[in-house]
Amino acid sequence: MATITEFELPSTGNRTFKLSDARGKKLVVYFYPKDDTPGCTVEGSDFRDLYDEFQAHHCEIVGISRDDLKSHEKFKTKLSLPFELLSDTDEKVCELFGVMKLKNMYGKEVRGVDRSTFVFDADGKLVKEWRSVKSAGHAQEVLDTVKTL
């Protein structure tokens with residue numbers, strides 16, 4: 001995978017997220033298929049439940065999907081997520097990270113987000129990635145990696 005040096009997306013909380021603004025802290029960027037679906041709810045809730053531990057290790061978290069900001073705000077409120085969700089409706093950042101793939105849904109091939117997570121160190125260098133993630137237990141695995149940085 002190519003080095004990711006910058007991207008910018010609209011964020012919940014009426015903000016704009018820029019990758020370069022996260023330098024100086026570790027950063028978890030997780031891509032998920034869709035707000036308010038079972039696997040994405042498990043994953044978001046697990047990152048929420050471990051958020052204080054991530055913060056204790058000087059690490060921020062952002063979630064990215066193709067949903068719009070209105071959907072993100074609703075999902076964030078419903079789950080009481082303490083971190084921001086970024087909207088990539090035109091899939092530019094999904095393409096940058098190579099997380100779009102053809103999936104089989106109800107016997108049909110559909111293009112969707114492959115649940116994936118990326119960890120950046122405090123210098124903004126990509127140090128770890130997971131692809132085709134299973135939601136349950138994943139946030140703990142990411143935290144365990146962050147603790148080693």
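In this predicted model, Ser65 sits in strand β4, which spans residues 59-65. Ser65 has a relative accessibility of 0% and therefore counts as buried. Thr77 lies twelve residues from Ser65 in sequence, and the two C-alpha atoms are 16 Å apart in space.

Charged side chains come next. Side chains of opposite charge can pair when their charged atoms come close. The count here comes to 14 salt bridges. Several of these can be followed around Arg111, a residue of strand β7. The side chain of Arg111 meets that of Glu91 in a salt bridge, with 2.4 Å from N to O. This pair links distant parts of the chain, since Glu91 belongs to the loop between β5 (84-87) and α4, and the two partners are 20 residues apart. The two ends of the bridge can also be compared by their accessibility. Glu91 is buried, with a relative accessible area of 14%, whereas Arg111 is partly exposed at 41%.

A further salt bridge joins Arg111 to Glu95, this time with 2.3 Å from N to O. Here, too, distant parts of the chain are linked: Glu95 is in helix α4 and Arg111 in strand β7, 16 residues apart. Glu95 has a relative accessibility of 43% and so counts as partly exposed. Taken together with Arg66, the residues Glu91, Glu95 and Arg111 are linked in a network of salt bridges.

Another salt bridge involves sequence neighbours. Asp49 pairs with Arg48, and their closest N and O atoms are 2.9 Å apart. Asp49 is exposed, with a relative accessible area of 53%, while Arg48 is partly exposed at 26%.

Aromatic side chains give a second set of contacts. A search of the whole structure finds twelve aromatic pairs. One of them is formed by Tyr30 and Tyr32, whose ring centres lie 5.6 Å apart with an angle of 35° between the planes, a tilted arrangement. Both Tyr30 and Tyr32 are buried. Phe31 and Phe97 also pair: their ring centres are 5.0 Å apart and their planes meet at 55°, so this pair is tilted as well. Phe31 lies in strand β3 (residues 26-31) and Phe97 in helix α4 (residues 92-97), so the contact ties together parts of the chain that are 66 residues apart in sequence. Phe31 is buried, and Phe97 is buried too. On a wider view, ring pairs connect Tyr30 and Tyr32 with Phe47, Tyr51, Phe54, Phe75 and Phe83 in a cluster.

Helix α4 thus appears in both sets of contacts, through Glu95 in a salt bridge to strand β7 and through Phe97 in a ring pair with strand β3.

The empty space in the model can be described in a similar way. Rolling a probe the size of a water molecule over the atoms shows where empty space is left. The largest pocket holds about 280 Å³ of space. Its lining is made up of 15 residues, and those closest to the centre of the pocket are Pro33, Lys34, Lys103, Met105 and Gly112. The elements that give two or more residues to this lining are α1 (38-49), β6 (100-105) and β7. Strand β7 provides the largest share, with four residues.

Enclosed space is a separate matter. The structure holds one cavity of 30 Å³ or more, and the volume of the largest cavity is about 40 Å³. The residues that line this cavity are Leu19, Ala22, Arg23, Lys25, Leu27, Asp121 and Gly124.

The surface brings Met105 back into the account. Met105, Tyr106 and Val110 form a nonpolar patch on the surface, and together they have about 360 Å² of accessible area. Met105 is thus part of this patch and is also among the residues closest to the centre of the largest pocket. Val110 is located in strand β7, which covers residues 108-113. With a relative accessibility of 30%, Val110 counts as partly exposed. Strand β7 therefore contributes to several of the features described: it carries Val110 of the nonpolar patch, it holds Arg111 of the salt-bridge pair with Glu95, and it gives four residues to the lining of the largest pocket.

Note on methods: Residues are numbered from 1 along each chain as its sequence is written. This is a predicted model: local features need pLDDT of at least 70, side-chain atom pairs count only at pLDDT 80 or more; totals for chains, interfaces and linings use all residues. Side-chain values use heavy atoms; hydrogens and water are left out. Patches are made of residues with over 30% relative accessible area and no salt bridge: like charges are joined within 9 Å, nonpolar side chains (Val, Leu, Ile, Met, Phe, Trp, Tyr) within 5 Å. Accessible areas come from the Shrake-Rupley method with a 1.4 Å probe; for residues, only the protein chains shown count as cover. A salt bridge is a side-chain nitrogen of Lys or Arg within 4 Å of a carboxyl oxygen of Asp or Glu. Buried means under 20% relative accessible area, exposed over 50%, partly exposed in between (1.4 Å probe, protein chains only). Rings of Phe, Tyr and Trp (its six-membered ring) pair if their centres lie within 6.5 Å; planes under 30 degrees apart count as stacked, over 60 as edge-to-face and the rest as tilted. On a 1 Å grid over the protein atoms alone, a cavity is a set of points where a 1.4 Å probe fits but cannot get out, and a pocket is an open set with protein on both sides within 12 Å along at least five of seven lines; lining residues have an atom within 4 Å of a point. Grid points are joined across faces, edges and corners, and a volume is the space filled by probe spheres set on the points.
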